Amino acid sequence: MSISTKKGDHGLTSLWSGEEVWKNDPRVEAYGTLDELDAHIGEAKHSITIEDIRKILAQIQNDLYHIMGELATANMSYPEPISLEVCDRLTDIVHRYEENLQLTGFVILGNTLASAKLDICRTITRRAERKIISLGQVTQVPEAILVYVNRLSDVFYILARAEEKQQGKLEYIKKG
């Protein structure tokens, strides 16, 4: 089977659940933005210096496949939905890194290549969250997806700061 089906040549695409929708449908916009995020995570992994963070990013990519599948499913239930327990894992990551970092103010972003890439992931996550909220205004979106994506931007922020600290480049905004 070829990945080039020619079915999308006129602006339509098929959801995982079989329905055909326009490529700018809010559902496609939502999972498409997460697909963009996934590609940026893949790139970021090549710059990461902390092995634990590389493992976290790989797990996030796995989670995103489930979320994208769930978002690409209409009028039926997705076989492997994301759970609130997975969201708790993200919260635990944030707390663990916060404890080590002891942040004391606003930071200047992107002081290493790895942290800059993670901050790009963070901003794409925020855009994806806005797209998912827009989708939720026209159809039901599972709570766990909303919680996961909201927590995910915090994870990228804290992991970026950990990368900066590891390299001695965590820099705070100077007052006055």
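A residue counts as buried when its relative accessible area is under 20%, as exposed when that value is over 50%, and as partly exposed in between. The exercises below apply this and related terms to a predicted model.

**Exercise 1.** Determine where Thr123 lies and whether Thr123 is buried, partly exposed or exposed.

*Solution.*
Step 1. Thr123 belongs to helix H4.
Step 2. The relative accessibility of Thr123 is 40%. Buried requires a value under 20% and exposed a value over 50%.
Step 3. Thr123 is therefore classed as partly exposed.
Step 4. For its spatial setting, take Leu37: the two residues are 86 positions apart in sequence, yet their C-alpha atoms are 9.2 Å apart.

**Exercise 2.** Describe the overall make-up of the chain, from its secondary structure to its surface.

*Solution.*
Step 1. The chain contains five helices and two strands. Read from the N terminus, the order of elements is β-β-α-α-α-α-α.
Step 2. The C-alpha trace extends over about 55 × 35 × 30 Å along its principal axes.
Step 3. The chain has 176 residues, of which 43% are counted as buried.
Step 4. Among contacts with a separation of 6 or more, 76% join residues 24 or more positions apart.
Step 5. The accessible surface amounts to about 10000 Å², and carbon and sulfur atoms contribute 51% of that area.

**Exercise 3.** Characterise the packing of H1 against H4 by geometry and by residue class.

*Solution.*
Step 1. Two packed helices are described by the angle between their axes and the distance between the axes.
Step 2. The axes of H1 and H4 (residues 113-136) cross at roughly 170 degrees and come within 8 Å. Because an angle over 145 degrees counts as roughly antiparallel, H1 is roughly antiparallel to H4.
Step 3. The handedness of this crossing is left-handed.
Step 4. On the H1 side, the contributing residues include Ala30, Thr33, Leu34, Leu37, His40 and Ile41. On the H4 side, they include Leu118, Cys121, Ile124, Ala128, Ile132 and Leu135.
Step 5. By class, the contact of H1 with H4 comprises 13 nonpolar, three polar and seven charged residues.

**Exercise 4.** Carry out the corresponding analysis for H1 and H2.

*Solution.*
Step 1. H1 (residues 26-45) and H2 (residues 51-71) have axes 10 Å apart and pack at about 165 degrees. This angle makes H1 roughly antiparallel to H2.
Step 2. The crossing of H1 with H2 is left-handed.
Step 3. Among the H1 residues in this contact are Tyr31, Leu34, Asp38, Gly42 and Lys45. Their counterparts in H2 include Arg54, Leu57, Gln61, Leu64 and Met68.
Step 4. The classes represented are 13 nonpolar, two polar and six charged residues.

**Exercise 5.** Establish how H2 is oriented relative to H5 and which residue classes form their contact.

*Solution.*
Step 1. The axes of H2 and H5 (residues 143-166) come within 12 Å, with a crossing angle of roughly 160 degrees. H2 is therefore roughly antiparallel to H5.
Step 2. H2 passes H5 with left-handed geometry.
Step 3. From H2, the contact draws on residues including Ile53, Ile56, Ile60, Asp63 and Ile67. From H5, Tyr148, Leu152, Phe156, Leu159 and Glu163 are among the residues met.
Step 4. The class tally for the contact of H2 with H5 is 14 nonpolar, no polar and three charged residues.

How values were computed: Residues numbered from 1 in each chain as written. Predicted model: local features only at pLDDT ≥ 70, side-chain atom pairs only at ≥ 80, totals over all residues. Heavy atoms only, no water. Axes fitted to C-alpha atoms, helices over the stretch in contact; angles between N-to-C directions. Helix = DSSP H or I, 4+ residues; strand = E, 2+ residues; numbered from the N terminus. Parallel < 35°, antiparallel > 145°, perpendicular 65-115°, else oblique. Left-handed = near helix turned anticlockwise from the far one by under 90°. Contact = heavy atoms within 4.5 Å. Nonpolar A, V, L, I, M, F, W, Y, C, P; charged D, E, K, R; others polar. Buried < 20%, exposed > 50% of the residue type's maximum accessible area, 1.4 Å probe, protein only. Areas by Shrake-Rupley, 256 points an atom, 1.4 Å probe, with all protein chains shown as cover.
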